[in-house]
Amino acid sequence: MPPFTVLHVCMGNICRSPMAERLLALAVRERLTRRGGDPADADALLHSHSAGTGGWHAGEEMNPPAARQVTARGGDVAGFAARKLRSDLIDAADLVLTATADQQEYVVALRPDAVSRTFVLGEFGRLLAAVDAAGLPPADATGDAVYARGVALVAAVHAAREGATPLHTDDLDDPWGRGDQCFSRVADEIEETVHPLAAALLP
């Protein structure tokens with residue numbers, strides 16, 4: 001059921017997955033604006049949220065260098081609070097994007113039935129490029145249309161995976177404790193997947 005729900009997962013939920021959560025939401029707002037729609041409607045079309053495999057930072061704000069990357073790119077960090085991954089969050093997600101292959105394995109160990117909709121972020125972006133968008137349901141800026149297109153897109157990317165495991169290069173480096181240059185590079189890599197995803201949902 002709408003909205004199409006994307007769950008981003010990393011280790012502590014204060015660096016990589018919050019950046020992915022907010023940068024995907026930003027990308028969807030930008031696609032809506034390009035289509036002449038109201039960016040305020042984005043939340044009704046797509047729900048982007050995140051969690052960490054560990055709960056050490058539960059309740060904390062986004063790590064400051066991560067927050068700087070989001071705001072510098074036009075995104076919003078208000079209201080963010082880190083949390084630990086729970087099974088019900090996986091159950092409710094139409095797509096789960098993890099920072100690394102280890103975290104993908106963690107998600108699938110918790111919920112084996114989520115294997116077909118759980119990907120390393122870089123893996124999803126790499127495989128998305130091979131999907132023929134002409135085979136997806138019609139695009140429209142409505143909750144039902146984005147949901148149907150999103151679910152079909154996830155199925156198509158899973159089919160393109162053909163049982164192969166992620167590549168080492170699909171992982172996002174952990175920028176925790178490193179400088180703004182590292183955070184900027186990781187944010188760039190996140191955008192390499194979330195921008196094409198938003199464009200596929202709202203062409």
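C182 is buried, with a relative accessible area of 9%. That makes a friendly starting point for a walk through this predicted model.

## The cysteines

C182 takes part in no disulfide, and the nearest cysteine sulfur, belonging to C15, is 9.3 Å away. What about C15, is this residue buried or exposed? C15 is buried as well, at a relative accessible area of 4%. Across the model, the disulfide count is 0. C15 is likewise in no disulfide: the nearest cysteine sulfur is that of C10, 6.8 Å away. A disulfide needs sulfur atoms within 2.5 Å, so the 6.8 Å between the sulfurs of C15 and C10 is too long for one.

## The chain as a whole

Stepping back, the protein chain contains 8 helices and 4 strands. Following the sequence from start to end, their order is β-α-α-β-α-α-β-α-β-α-α-α.

How does the overall size compare with a compact globule, and what radius of gyration does the chain have? For 203 residues, a compact globule would have a radius of gyration near 17 Å, and the protein chain, at 16 Å, agrees with this. The C-alpha trace spans about 45 × 40 × 30 Å along its principal axes. Of the 203 residues, 49% are buried. The accessible surface adds up to about 8900 Å², and carbon and sulfur atoms account for 54% of that surface.

Contacts also link distant parts of the sequence. Taking contacts between residues at least 6 apart in sequence, 76% join residues at least 24 apart.

A UniProt record, from an unreviewed entry, annotates residues 4–200 as "domain: Phosphotyrosine protein phosphatase I". In the model, this span is 48% helix and 11% strand, and its end C-alpha atoms lie 13 Å apart.

## Around T193 and the aromatic pair

T193 sits in helix α8, which runs over residues 180–201. Which residues does T193 contact beyond its neighbours within four places in sequence? They are L121, G122, F124 and G125. T193 is itself buried, with a relative accessible area of 3%.

One of those partners, F124, leads to another feature. The model has 1 aromatic pair. F119 and F124 form this pair, with 5.1 Å from centre to centre and 70° between the planes, an edge-to-face arrangement. The label edge-to-face applies because planes over 60 degrees apart count that way. Both rings belong to buried residues: F119 has a relative accessible area of 0%, and F124 also has 0%.

## A loop residue: E60

E60 offers a view of a loop, the one between β2 (46–52) and α3 (64–72). Leaving out residues up to four places away in sequence, E60 touches I14, F80, A81 and A82. With F80, the separation is 20 residues in sequence and 8.0 Å in space, C-alpha to C-alpha. Why is E60 called partly exposed? Its relative accessible area is 35%, and buried means under 20% while exposed means over 50%, so E60 falls in between.

## Accessibility at a glance

The table gathers the residues met above.

| Residue | Relative accessible area | Class |
|---|---|---|
| F119 | 0% | buried |
| F124 | 0% | buried |
| T193 | 3% | buried |
| C15 | 4% | buried |
| C182 | 9% | buried |
| E60 | 35% | partly exposed |

Terms used: Residues are numbered from 1 along each chain as its sequence is written. This is a predicted model: local features need pLDDT of at least 70, side-chain atom pairs count only at pLDDT 80 or more; totals for chains, interfaces and linings use all residues. Side-chain values use heavy atoms; hydrogens and water are left out. Helices (H or I, at least four residues) and strands (E, at least two) are DSSP runs, numbered from the N terminus. Buried means under 20% relative accessible area, exposed over 50%, partly exposed in between (1.4 Å probe, protein chains only). Contact means heavy atoms within 4.5 Å. Rings of Phe, Tyr and Trp (its six-membered ring) pair if their centres lie within 6.5 Å; planes under 30 degrees apart count as stacked, over 60 as edge-to-face and the rest as tilted. UniProt positions are given in the numbering used here, feature names are shortened, and annotations may be inferred rather than shown by experiment. The radius of gyration is taken over C-alpha atoms; the globule rule is 2.2 Å times the number of residues to the power 0.38. Accessible areas come from the Shrake-Rupley method with a 1.4 Å probe; for residues, only the protein chains shown count as cover.
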